Amino acid sequence: MNAPVPEQVIRMYEKRQPIHPRETDGRYARLRWLCLWLTQLAFYGTPWLMWNGRQAVLFDLGTRKFYLFGLVLWPQDFIYLAALLIICAWGLFLVTAVAGRVWCGFACPQTVYTSLFLWIERRIEGSRAARIALDRQGPSARKFGKRAAKHAAWGSVALWTGFTFVGYFTPVRELGTGVATLALGPWEWFWVLFYGFATYGNAGWLREQVCKYMCPYARFQSAMFDRDTLIITYDSGRGEPRGKKATGGACIDCTLCVQVCPAGIDIRNGLQYECIGCAACVDACNNVMDKVGQPRGLIRYSTDRAMAANLAPAQIRQRALRPRVLAYGAALLAATLSVGFALATRTPLKMDVIRDRGSMGREVDGGAIENVYRLQIMNTTEQPHRYRIAAAGLPGLALATGDVVALAGTETRAVPVRLRAPHGMGRTGSNGITFTLTALDDAALAVEEPAVFIVPR
C-alpha cells in the first residue's frame, strides 16, 4: 500500500505583519504635515464658524435645509450637491492623471488620521526600534501603561472627530450642550460613537489595510495612469547593483526606504498598487544620499517615459499637458462653470401648484366657476418677504382669496387659493393658466408655475 500523503495546510490569506513606519524628515514630510494641519483646521473648525447668526455650514436633516455660508439649499436643490460630487471626481481624475496618488499620500482622511495616530504612538511608545521591542516584550506594567496611554489618546481624538462629524448635521453648539448634559438623542449618540469608533479602528488598527483591501481607488487608479503620470520611482540604472559604494551602485541597501513606508513595501521592486505616493521613501533616500555624498533623486517623482528616455524635468513638464489631461481639465472647467452659473442665476424662490383633486371645478354664487389650489411656497433666502399672488390665462380670472402672503426667511408654507372665472369663459374641460408669485420689495424676485383651470360641463 502507498504511504498516506501528509496533510497540507494552504493558507488563502497571509497573516498581517505589523508595520512600524520610521519617522523621517524632508520636504515631502513637511508638506504632508502642512496638509494635515490645513485639512484638520478646516474639518474641526468649520462647524464653529457663524454666518448671519447661524452655523455657516450645516446640513440640517431635520428641517431639510442645507446651509453653505450664504447659500441655502433645499432637497429640490440636491442636483447642486450631486454636481459638487461630480466636480470633485473630475478634479481627482485630473490630479491623478498628472501626479498619481498624491491625494492618497497627502490629503486622504485615512492617510491624515493614520499620520496623526502614528505621531501619538511615537510620542508615547518611542522610536520604531522601541515600538518593535515593546511588541516583543511580555506583559508588564510598563507595557500596559504605555499602551493604555496610547489608546486613551487615540480614543480622545476619535471621539472628538465623531463629535465634529455630527456637528455638520446637528448645530454644533447644541450638540456640545447635549454631550455636556448627556441629553443627546439616540441617533446623535449612535453617530458620534460610530464615527469615532470608525476613526479609531481605521487609523489606529487597520491603517494600511484600508488602503490595500478596502479602498477601491487603489484598484482602478491604473485606468487613469499612463507613461507620463508622475509616480514614485527608483532609478535602478543608477542604484544597481545595491550594496556598498565601492560596488558601483548608488543604493547602499540601507532599507530606510522600506522602514519609512507606511504600506511596508520596497519601492525598489517597482511601482505597486499599495504605494500611496506619500514620498516618505524619497525623503529618506535623499537624506542618505546627502550623507554619502551622492546626488539626490535615486528615488524620486518621475514618469515611466522619463525613466526610459532619461528626460529632463523640463521635458517632463512639457508632456504634462497631454490629451488625457486636457480632456479632464476641460470637463472639470465645464462642470465648475455650469454649476457656478446655475447657482448665480437661480431664483431663491420656489412655488409648486397642487390642484385640489377633490373638486374638479364647481359653480358658486353668481354663476362663477371656482377651482381650488394649494400653493407650496418656499422662501429660500434668509430674509423675510411679502409676495403677491396672481393668476392669468382666462378672461376675468381672479382670486377669491387674499393675494398677499408673508414668509419669514427660509420658511415653507402651503397657501390655499381659490380662483374664479365668469361663467362661459374658457372651454369645457381643462384650460391652461399661469400662477405668478412676485416679491413686493423686489420685482426681480418672481416665479411662474403653470396649472389648469377646470370648467365643468
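**Exercise 1. Place Leu34 and state whether Leu34 is buried, partly exposed or exposed.**

Solution. Leu34 lies in helix 1. Helices here are DSSP runs of H or I with at least four residues, strands are runs of E with at least two, and both are numbered from the N terminus. This is a predicted model, in which local features need pLDDT of at least 70, side-chain atom pairs count only at pLDDT 80 or more, and totals for chains, interfaces and linings use all residues. Residues are numbered from 1 along each chain as its sequence is written, and side-chain values use heavy atoms, with hydrogens and water left out.

Next, apply the exposure classes. Buried means under 20% relative accessible area, exposed means over 50%, and partly exposed is in between (1.4 Å probe, protein chains only). Leu34 has a relative accessible area of 45%, so Leu34 is partly exposed. Finally, a distance: the C-alpha atoms of Leu34 and Phe220 are separated by 28 Å, and the two residues are 186 apart along the chain.

**Exercise 2. Describe the surroundings of Leu159.**

Solution. Start with the element: Leu159 sits in helix 6 (residues 141–166). Its relative accessibility is 44%, so Leu159 counts as partly exposed. Now take contacts, meaning heavy atoms within 4.5 Å. Leaving aside neighbours within four places in sequence, Leu159 touches Val192, Leu193 and Gly196.

**Exercise 3. Which residues touch the most other members of the largest nonpolar core, and which helix gives the most to this core?**

Solution. A nonpolar core is a set of buried Ala, Val, Leu, Ile, Met, Phe, Trp, Tyr and Cys residues joined through side-chain atoms within 4.5 Å. The largest one has 35 residues; Ile232, Ala279, Cys281, Val282, Leu298 and Ile299 touch the most other members. Elements that each supply at least two residues include helix 1 (27–45), strand 6 (231–234) and helix 16 (323–345). Helix 13 gives the most, with seven residues. Apart from this core lies another, of 26 residues, among them Ile369 and Phe435.

**Exercise 4. Check the span of helix 2 (residues 78–99), then find what its buried residues pack against.**

Solution. The expected span is 1.5 Å times one less than the number of residues. For the 22 residues of helix 2 that gives 32 Å; the end C-alpha atoms are 32 Å apart, which agrees. Buried residues of helix 2 include Tyr80, Leu81 and Ile87. The buried residues pack against strand 4 (65–68), strand 5 (71–73), helix 3, helix 10 (217–220) and helix 16. Gly100 follows helix 2, with a positive phi near 65 degrees.

**Exercise 5. Where do the buried residues of helix 7 point?**

Solution. In helix 7 (residues 172–180), Val172, Leu175 and Gly178 are buried. Seen down the helix axis, they fall within an arc of 115 degrees, so they line one face of helix 7. The arc is that of the directions from the axis to the C-beta atoms. The face turned away carries the exposed residues Glu174 and Ala180. The buried residues pack against strand 2 (54–55), helix 6 and helix 8 (186–206).

**Exercise 6. Which strands are the edges of the sheet 13-11-15-16?**

Solution. Two strands pair if DSSP finds at least two bridges between them. These four strands form an open sheet with antiparallel pairing. Strand 13 (404–407) and strand 16 (442–455) are the edges, as each pairs on one side only. Four bridges join strand 11 (residues 385–392) to strand 13. Tyr387 has Val405 in strand 13 as its bridge partner.
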